[in-house]
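Me: I would like to go through this model by question and answer, beginning with one residue and its surroundings. Please keep the replies short.

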Amino acid sequence: MREALRGERPHRTLRTVALAGVIAWAGWGAAVAGTAPPAPWPWSNAELPPDRRAQLVLEAMTPQEKRRLVFGYFGAPMPGTTYRPPRAARMGEAGYVPGIPRLGIPAQWISDGGLGVATQRVSTDAVRERTALPSGLATAATWNPSLAERGGAMIGAEARASGFNVLLGPGADLIREARGGRSFEYASEDPLLTGVIAGAEIRGIQSQHVIAVLKHFAFNDQETGRTMYDVRIRRAAARESDLLGFEIALEQGHPGALMCAYNRVRGRYACENRWLLRRVLDRDFGFRGYVMSDWGAVHSTVRSALAGLDQESATIFDHEPYYGAPLQDALRDGRVPETVLDAMVERILRSMFATGVVDHPIDPLARLDLRADRAVATADEQQGIVLLKNTGSVLPWPRTLRRIAVIGGHADRGVLSGGGSSTVFPIGGNAVPGLGPTGWPGPQVYLPSAPLGALMAQAPQARFRYDSGRNLAHAVRVARWANRVIVFATQWATESKDASLHLRHGQDRLIAAIAAANPQTVVVLETGGPVLMPWLDRVDGVLEAWYPGSGGATAIARVLFGAVDPSGHLPVTFPGSRADLPFRTLPGAGLPADRAFVIDYTRDGAAVGYRWYQRHGREPLFPFGYGLSYTRFTYDGLAAHLVDGQLVVQFTVRNAGTRAGAAVAQVYVGPEKGGWEAPRRLAGWRKLALAPGESRTVSVRVDPRLLARIDRHGREWVRAAGAYRLSLGDSSAHLVQSIRIDLPAWEHSVRWPIAVRPGVPAVPQAP
Ligand code: BGC
């Protein structure tokens, strides 16, 4: 449990620390190189399938070597303990598993995370400076899997050039809790959007021969009590919601590894949960990679090993080194059969072969093309920014503006990023140093991509004045001076703490005062997730820029001045008030940190996000799927037919405006007579870049699981025969055309694969 370790370390026994140290120094310095010349081992033959190669290595391994692969180290020193990482670990590394040089098996050098190459900064100021992608929500807001894949490839290449061959990301937990502290690391509240985006990121990362680790399996939806809560949910509802997101990500990305979460699910810790790991993941999803634990998420040896946990990560965080001496004991007396250890090791090796980690040794001296990497981050953000409000088409701003006031959010220096293990320390250093917390999960990091400078570059004729917003009267004077005002509002969110829906530090008051002084005010939000906007009626424009990443300022400025048409759409519902949420008060809030509690999802089951709002007839502030453009699109021609039993939907989108732009055409579906967890589900989408006047007719294949429910016994996806309503629109709440379709009954075992018909895109295509 990381947060405890960062402060006073609770039950860490000296025995554990000493044991870890002894093992660390026991002759593994040899694993440093990672560049062993190819040797004539039978498994060196890259023509053999990964399973066969893994088996051959396994046959050559000693019992001690096998145990070595399932036991992970933390890669940074631990404050308050004598723990030091093995010498062969990289500076500030999240995890390290020694290799077996004798057999040509490299070490696993493990870094966070899904948004870029992070540094564990627990006791040293040394950081590794790398390119940060925009937050996970920003990438999902692009609704563009090819951008997600490019982003994955970029951070995969940076990981490899930094000496890492395992990257801890992406995260695919559904955003069930609007205040979730880690929403910025995740993708969305919808299983299809989440699975497609996370799957694309995985493909990108692994294209660089780096293992992607899909996390946190499952239901790590909030940070409050994340190691203490137990999620209650029916199996079928779990499969139709959060687990479906993971399932799609696994199918589309084939990650080498998956990380089990801190929390309990249906009464059992996720990392020793047979239902989750053996039945759902192995049997139903057919997952072939290995399962690693979150840092401090292991609670047993025998139960975990038998349930399907293959590797204990960063053992120092657990109460015992469960996969060290206790595993050896359990193997000796047969509580864990040798065959179980063999299967664990084989899965790890298989992934190392399948992703190319063995055949393509990392080269820490490889050169990075930082300019190109930054361009990838900028492109992602450009399509991820969501235009929420644009009264009277005040945006885009003309470049001929004379006086522009820029207020707040440290916009003269940089853009914000999220906190905790995913923190990427940016090239050029933290633009606003000294903002707490001083220890983990801090500090707050601003990436040196300054909106003020980027705006000036877009409008070189204009005069700009910046005000920090700290002195209200002064900020108001600056706002009065200007023809146009832009207020940057920031909200830091972090792992280990949930967020507030209210902008902090008087920013709501600041925005209201500025808008009163100058009605030509636009607000740019840099937030980890949704926030309330009590000032919404008083401003002309609002842009959600999320955490914008290393090239974020350029993207924001281009969108404001119209060099880029905004095409982001919300991957998460923005509530109008706390009363709109499934839980008014965060479950577990106010309880002592060591008190276990239950989060009851049985009430709404699979009705997550927009489905929950629709089921209860609540109107959010901004609905899932919503986003404005500077141009106008029309949607029509909705038609559907069955091709080999699979629903294929066709429609036409036209750019009816005078500017080029990109539409996100969304298809929703639900049974005419109800009976699902909610009236409608997202069934597919297409993002289409269209010139003025251009129209395109496209098809979307609907994943049959989105038209079905899981039966009571959890064995089959079942679609009832009958009438369904298919709707087309540009958000979950704005449906412009809908048709009735009649579908025959359909059943399919929950065990993948469902046959995919070639030729019709299963993955939404990007422009
Ligand atoms: C987080 C994981 C992360 C790991 C290693 C944990 O606290 O939950 O997401 O990958 O630390 O830093």
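Me: Leaving aside its neighbours within four places in sequence, which residues is Glu381 in contact with?
Reply: The model is a predicted one. Glu381 lies in helix α14, residues 370–384. Without the neighbours within four places in sequence, the residues in contact with Glu381 are Pro134, Ala138, Ala545, Tyr547, Pro548, Gly552, Ala555 and Ile556.

Me: What is the nearest side chain of opposite charge to Glu381, and how many Å away is it?
Reply: Glu381 is buried and has no salt bridge. A salt bridge would need a side-chain nitrogen of Lys or Arg within 4 Å of a carboxyl oxygen. The nearest side chain of opposite charge is Lys687, and its distance from Glu381 is 11 Å.

Me: Which residue does a cis peptide bond join to Pro396, and where does Pro396 lie?
Reply: The bond joins Leu395 and Pro396, with omega about 0°. As for its place, Pro396 lies in the loop between β12 (386–390) and β13 (403–407).

Me: Which residue does a cis peptide bond join to Pro443?
Reply: Pro443 lies in the loop between β15 (425–426) and β16 (446–447). Omega is about 0° for the cis peptide bond here, and the residue joined to Pro443 is Gly442.

Me: Is Ala314 buried or exposed, and what is its relative accessibility?
Reply: Ala314 lies in the loop between α11 (302–307) and α12 (325–332). Although not a glycine, Ala314 has a positive phi of about 35°. Buried means under 20% relative accessible area. Ala314 therefore counts as buried, at a relative accessibility of 1%.

Me: What is the relative accessible area of Ser496?
Reply: Ser496 lies in the loop between β18 (484–491) and α17 (507–517). Its phi is positive, near 85°, in a residue other than glycine. Ser496 is buried, and its relative accessible area is 18%.

Me: Which strands are the edge strands of the open sheet that includes β28?
Reply: The sheet has 3 strands in the order β27-β28-β31, with antiparallel pairing. An edge strand pairs on one side only, and the edge strands are β27 (709–710) and β31 (746–749).

Me: What is the bridge partner of Ile710 in β28?
Reply: β27 pairs with strand β28 (residues 716–719) in the antiparallel sense, over 2 bridges. In β28, the partner of Ile710 is Trp717.

Me: How many residues of strand β2 are buried?
Reply: Strand β2 spans residues 93–97 and is largely enclosed by the rest of the structure. This follows because the number of its residues that are buried is 5 of the 5.

Me: Which residue in β3 stands opposite Tyr96?
Reply: β2 pairs with strand β1 (residues 73–75) in the antiparallel sense over 2 bridges, and Glu93 in β2 is the bridge partner of Gly75. With strand β3 (residues 108–112), β2 pairs in the antiparallel sense over 3 bridges. Opposite Tyr96, in β3, stands Trp109.

Me: What separation, in Å, is there between the C-alpha atoms of Ala200 and Ala249?
Reply: Ala200 is found in helix α7 (residues 191–206), and Ala200 is buried, with a relative accessible area of 0%. Leaving aside neighbours within four places in sequence, Ala200 is in contact with Pro145, Ala148 and Glu149. Ala249 is 49 residues apart from Ala200 along the chain, and their C-alpha atoms are separated by 7.9 Å.

Me: Which elements give two or more residues to the lining of the largest cavity?
Reply: The count comes to 12 cavities of 30 Å³ or more, and the largest cavity has a volume of about 240 Å³. It is lined by 23 residues, of which the closest to its centre are Arg176, Glu177, Pro582, Val608 and Gly609. The elements that give two or more residues to this lining are β21 (597–600) and α19 (610–615).

Me: Which element supplies the largest share of the lining of the largest pocket?
Reply: The largest pocket holds about 480 Å³ of space. Of its 21 lining residues, His410, Thr490, Arg504, His505 and Gln507 lie nearest its centre. β18 and α17 each supply at least two residues of the lining. The largest share, 3 residues, comes from α17.

Technical notes
Residues are numbered from 1 along each chain as its sequence is written. This is a predicted model: local features need pLDDT of at least 70, side-chain atom pairs count only at pLDDT 80 or more; totals for chains, interfaces and linings use all residues. Side-chain values use heavy atoms; hydrogens and water are left out. Helices (H or I, at least four residues) and strands (E, at least two) are DSSP runs, numbered from the N terminus. Buried means under 20% relative accessible area, exposed over 50%, partly exposed in between (1.4 Å probe, protein chains only). Lys and Arg count as positive and Asp and Glu as negative; His and the chain ends are not counted. Contact means heavy atoms within 4.5 Å. Two strands pair if DSSP finds at least two bridges between them. On a 1 Å grid over the protein atoms alone, a cavity is a set of points where a 1.4 Å probe fits but cannot get out, and a pocket is an open set with protein on both sides within 12 Å along at least five of seven lines; lining residues have an atom within 4 Å of a point. Grid points are joined across faces, edges and corners, and a volume is the space filled by probe spheres set on the points.
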